[in-house]
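Subject: A structure for you to look at

Hello,

I am passing a structure on to you, with some notes on what turned up in it. Please have it open while you read.

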Amino acid sequence: MRTIFTLLLISLGALLIAQPTNDECANAISIPSIEGYCSGIDEFTTTDATTSTGFGIPALCSPAWDGDQNDVWFVFSTTATIIDLTISVTGTTLEQPQIAVYRGDCSGFAELICVQGTAGENSVL
């Protein structure tokens, strides 16, 4: 049984110029296999991302979700045998990154977890 997850990555302080291709949930970048996956340096960006509408603010963030909600989206599937997943975000230009993981798709999903870096940090695990 495969479960589809939607990942929302938030970056604070982006301006509206030219949005990333995965700026909206409907255009989420598909990660074909999460087993051993690691993106390349500068492969993805949150530069110029905008706030997606209609999804609300993730409720499970710790510390509490704050600031802008300029986001980019990724989607991946997993099987019941993958029970532990690590997602880390690090960047020299990120400010207080936030990650929310959902089960489902853009037409309806349930939040599973949300984490946020502390003020002044540029990474979250």
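Val-89 lies in strand 5, which covers residues 89-90. Please keep in mind that this is a predicted model. Val-89 has a relative accessible area of 11%, so it counts as buried, the cut-off being under 20%. In sequence, Val-89 and Ser-123 are 34 residues apart, yet their C-alpha atoms are 5.3 Å apart in space.

Here is the wider picture. The protein chain has 8 strands and 0 helices, so if you read the elements from the N terminus on, you get β-β-β-β-β-β-β-β. Of its 125 residues, 35% count as buried. The chain exposes about 7400 Å², and carbon and sulfur atoms supply 55% of that area. Looking at contacts in the chain with a separation of 6 or more, 75% come from residues 24 or more positions apart.

Next, a residue with several partners: Ser-52. You will find Ser-52 in the loop between strand 2 and strand 3. With a relative accessible area of 10%, Ser-52 is buried. Which residues does Ser-52 touch, leaving aside its neighbours within four places in sequence? They are Asp-23, Glu-24, Cys-25, Gln-69, Asp-71 and Trp-73. Two of these contacts are worth picking out on your screen. The side chains of Ser-52 and Asp-71 are joined by a polar contact of 2.6 Å, and the side chain of Ser-52 also makes a polar contact of 3.3 Å with the side chain of Glu-24. Ser-52 and Val-72 are 20 residues apart along the chain, with 8.5 Å between their C-alpha atoms.

Staying with the loop between strand 2 (29-30) and strand 3 (61-62), have a look at Asp-48, which has its place there. Asp-48 is not a glycine, although its phi is positive, at about 70°. Is Asp-48 buried or exposed? Its relative accessible area is 14%, so Asp-48 is buried.

Another polar contact leads into strand 4. Asn-70 belongs to strand 4, which spans residues 70-79. The side chain of Asn-70 meets the side chain of Thr-51 in a polar contact of 3.3 Å. Asn-70 counts as buried because its relative accessibility is 7%.

Now to the rings. How many aromatic pairs does the count come to? The count is 4 aromatic pairs. One of them is formed by Phe-44 and Phe-74, which meet edge-to-face, with 4.9 Å from centre to centre and 80° between the planes. This pair links distant parts of the chain, 30 residues apart: Phe-44 sits in the loop between strand 2 and strand 3, and Phe-74 in strand 4. Phe-44 is partly exposed, at 29% relative accessibility, whereas Phe-74 is buried, at 6%.

Trp-73 and Phe-109 make a further pair: their ring centres are 6.1 Å apart and their planes stand at 50°, so the pair is tilted. Because Trp-73 is in strand 4 and Phe-109 in strand 7, this pair ties together parts that are 36 residues apart in sequence. Trp-73 has 0% relative accessibility and counts as buried. Phe-109, with a relative accessible area of 23%, is partly exposed. Ring pairs also bring in Tyr-102, which forms a cluster with Trp-73 and Phe-109.

Finally, a word on how two of the strands come together. Strand 6 (residues 98-105) and strand 7 (residues 108-116) pair in the antiparallel sense, over 8 bridges. Where strand 6 passes into strand 7, a hairpin joins the two through 2 residues. To follow the pairing yourself, start at Asp-105, which stands opposite Gly-108 in strand 7. Then go to Ile-99, whose bridge partner in strand 7 is Val-115. As you trace these strands, a general point may help: side chains in a regular strand alternate between the two faces of the sheet.

I hope you enjoy exploring it.

Best wishes

Technical notes
Residues are numbered from 1 along each chain as its sequence is written. Side-chain values use heavy atoms; hydrogens and water are left out. Helices (H or I, at least four residues) and strands (E, at least two) are DSSP runs, numbered from the N terminus. Buried means under 20% relative accessible area, exposed over 50%, partly exposed in between (1.4 Å probe, protein chains only). A polar contact is a pair of N or O atoms within 3.5 Å; within protein, one must be able to donate a hydrogen and the other to accept it, and residues adjacent in sequence count only if both atoms are side-chain atoms. Two strands pair if DSSP finds at least two bridges between them. Rings of Phe, Tyr and Trp (its six-membered ring) pair if their centres lie within 6.5 Å; planes under 30 degrees apart count as stacked, over 60 as edge-to-face and the rest as tilted. Contact means heavy atoms within 4.5 Å. Accessible areas come from the Shrake-Rupley method with a 1.4 Å probe; for residues, only the protein chains shown count as cover.
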